[in-house]
Amino acid sequence: EQAARLYECLVKDTFASIAAIKGVDIYAAYLGPLDAISGMVPQWAVPIAQRGDGLGERMYDILRRLFERGYARCAVVGSDLPDLPARYVEEAFAMIDGDVRLALGPATDGGYYLAAVDAPYEALFTGIRYSTPTVLQETVAKARENNIKCALVSPWHDIDYAGDLPRLQSNPRATLSSAYMETLDILL
């Protein structure tokens, strides 16, 4: 129950962080029944169901469907980034300029917290060993193999493990997550 409640706080804080981004449409990609995200996702975020087996296939499918709706650039951002500076997402969109076609936000654990692209490149999401410390490295290699010029946004952290929880304590940019952590009887 505590993990589920904390995740709800992470999601709400993540949306609060990216709400400051101007000139973009924000979607909430969800897995499972739509009512599972009820109360977690703000009304202004457009829900879009995830489809596919595995994280890579689901991210690619979301991007493909968004590009089919006519977007020129799209980004996927994790839901475990309660204190992500909105400027990092803006930085990623600004990097996509015709020459650079992929902008990745390196996560401190070897993955990435954000991927922004100018087209749905299936190769970037296929054959990657997700949830490993080599995700970023493998994705950059895939981009090179497919002649997709890549740039890196500023590094940031996500919340994946118990060892990441101290980042939430007294964190003014993750207000709900930080407040919930204070209610828990956990030694960090």
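N147 counts as exposed in this predicted model, with a relative accessibility of 65%. You'll find N147 in the loop between α4 and β6 (150–152). Its backbone is a bit of a surprise: N147 has a positive phi of about 55 degrees, and it isn't a glycine. Most residues other than glycine have a negative phi.

S131 is another non-glycine with a positive phi, this time about 65 degrees. Here's how the two look on paper:

| Residue | Phi | Relative accessible area | Loop |
|---|---|---|---|
| S131 | about 65 degrees | 69%, exposed | between β5 (112–117) and α4 (135–145) |
| N147 | about 55 degrees | 65%, exposed | between α4 and β6 (150–152) |

Now for the sheet. Four strands line up in the order β3-β5-β4-β6, forming an open sheet with mixed pairing. Which strands stand at the edges? They are β3 (74–77) and β6; each has a single partner strand, so one side of each has no neighbour in the sheet. Ignoring direction, neighbouring strands here are turned by 15 degrees against each other on average.

Take a look at how β3 joins in: β3 pairs with β5 in the antiparallel sense, over four bridges. C74, for instance, has V117 in β5 as its bridge partner.

Helices pack on this sheet too. Helix α3 (residues 86–95) touches β3, β4 (102–106), β5 and β6, and its direction makes about 35 degrees with that of β5. And α4? That helix lies across β4, β5 and β6, running at about 165 degrees to β4.

Notes: Residues are numbered from 1 along each chain as its sequence is written. This is a predicted model: local features need pLDDT of at least 70, side-chain atom pairs count only at pLDDT 80 or more; totals for chains, interfaces and linings use all residues. Side-chain values use heavy atoms; hydrogens and water are left out. Helices (H or I, at least four residues) and strands (E, at least two) are DSSP runs, numbered from the N terminus. Buried means under 20% relative accessible area, exposed over 50%, partly exposed in between (1.4 Å probe, protein chains only). Two strands pair if DSSP finds at least two bridges between them. Axes are lines fitted to C-alpha atoms, for helices over the stretch in contact, and angles run from 0 to 180 degrees between N-to-C directions. Contact means heavy atoms within 4.5 Å.
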